[in-house]
Amino acid sequence: MSLIIIIFIRSFIITTYAIEGQSMEPTFQSGDRVIINLVEDIFLPPDVGDIIFFKLNDNDTFVKRIIATPGDYIAVHQEHVYVNGEKVTKQAADYSSLLKVEDMKEQIVPKKCYIVLGDHLTDSIDSRQFGCVKEKYILGKVIDTYWHKTTK
């Protein structure tokens, strides 16, 4: 009976994921393992600041931080991202590709779509490359780290 409960929980409620790469540093290091809540978004939709686990296709899964949710007004000015008029990036970089249309300086995030960035902006594949993450591709929210890779 215990095995059935564990399998149920592991399959439908929580799962784990090993972080690969530096895109979420300093929050997570490559090799850290995190716990993903697979059902929280049923009760609470993803929000700004949440770190989500999602897929883009059958092979690629990612962990990134949400910076804008459906209906948010996103703008790029002087190499910084602004959401609803507030600067959300501390590091200057080329974010123009977030808007996916040349010469566009601002837009509203579409329904059922989320804009995500890695915490380590110079080493992250995120919404600057693949655009917004559709709600149907979000698998869950990161709720905790259960194992940190030790660095020497």
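## A hairpin of strands

H77 has H80 as its bridge partner in strand 6. The model described here is predicted. Strand 5 covers residues 73-77 and strand 6 covers residues 80-83. The two run antiparallel, and 4 bridges join them.

Both strands belong to an open sheet of 4 strands. The order across the sheet is 7-6-5-8, with antiparallel pairing. Strand 7 (86-87) and strand 8 (106-108) are the edge strands. Each of these two pairs on one side only.

## T89 beside the sheet

Where does T89 sit? T89 is in the loop between strand 7 and strand 8. Is T89 buried or exposed? T89 counts as buried, at 4% relative accessibility.

The side chain of T89 has a polar atom 2.9 Å from the backbone nitrogen of V81. V81 is also among the residues that T89 touches. The others are H80, Y95, L117 and L121, with residues up to four places away in sequence not counted. H80 thus appears twice in this account: as the bridge partner of H77 and as a contact of T89.

## Three salt bridges

How many salt bridges does a search of the whole structure find? The search finds 3. Side chains of opposite charge can pair when their charged atoms come close.

One salt bridge joins D50 and K141, with the closest N and O atoms 3.4 Å apart. D50 lies in the loop between helix 2 (40-43) and strand 3 (51-55), while K141 lies in strand 11 (residues 138-147), so the pair ties together parts that are 91 residues apart in sequence. D50 is partly exposed, with a relative accessible area of 22%. K141 counts as buried, at 5%.

Another salt bridge brings together the side chains of D119 and R65, at 2.8 Å from N to O. This pair also links distant parts of the chain, 54 residues apart. D119 is in the loop between strand 9 (113-117) and helix 3 (127-130). R65 is in strand 4 (residues 61-68). D119 is partly exposed, at 24% relative accessibility. R65 is partly exposed too, with a relative accessible area of 23%.

There is also a salt bridge between the side chains of D126 and R128. The N to O distance is 2.8 Å. D126 is buried, with a relative accessible area of 0%. R128 is buried as well, with a value of 9%.

## One disulfide

A disulfide is a covalent bond between the sulfur atoms of two cysteines. The count in this model comes to 1. Which cysteines does the disulfide join? The partners are C113 and C132, with an S to S distance of 1.7 Å. The link is right-handed, with 55 degrees about the S-S bond.

C113 lies in strand 9 and C132 in the loop between helix 3 and strand 10 (133-134), so the pair ties together parts that are 19 residues apart in sequence. C113 counts as buried, at 4% relative accessibility. C132 counts as partly exposed, at 26%.

## An aromatic cluster

The whole structure holds 3 aromatic pairs. The rings of F54 and F130 have their centres 5.9 Å apart. Why is this pair called edge-to-face? Their planes stand at 65 degrees, and the label applies because planes over 60 degrees apart count as edge-to-face. F54 lies in strand 3 and F130 in helix 3, so this pair ties together parts that are 76 residues apart in sequence. F54 counts as buried, at 0% relative accessibility.

F130 also pairs with F62. Here the ring centres are 5.6 Å apart and the planes are at 45 degrees, so the pair is tilted. F62 is in strand 4, and F130 is in helix 3, 68 residues apart. F62 is buried, with a relative accessible area of 16%. Which residues make up the cluster? F54, F62 and F130 form one aromatic cluster.

How values were computed
Residues are numbered from 1 along each chain as its sequence is written. This is a predicted model: local features need pLDDT of at least 70, side-chain atom pairs count only at pLDDT 80 or more; totals for chains, interfaces and linings use all residues. Side-chain values use heavy atoms; hydrogens and water are left out. Two strands pair if DSSP finds at least two bridges between them. A salt bridge is a side-chain nitrogen of Lys or Arg within 4 Å of a carboxyl oxygen of Asp or Glu. Buried means under 20% relative accessible area, exposed over 50%, partly exposed in between (1.4 Å probe, protein chains only). A polar contact is a pair of N or O atoms within 3.5 Å; within protein, one must be able to donate a hydrogen and the other to accept it, and residues adjacent in sequence count only if both atoms are side-chain atoms. Contact means heavy atoms within 4.5 Å. A disulfide is a pair of cysteine sulfur atoms within 2.5 Å. Rings of Phe, Tyr and Trp (its six-membered ring) pair if their centres lie within 6.5 Å; planes under 30 degrees apart count as stacked, over 60 as edge-to-face and the rest as tilted.
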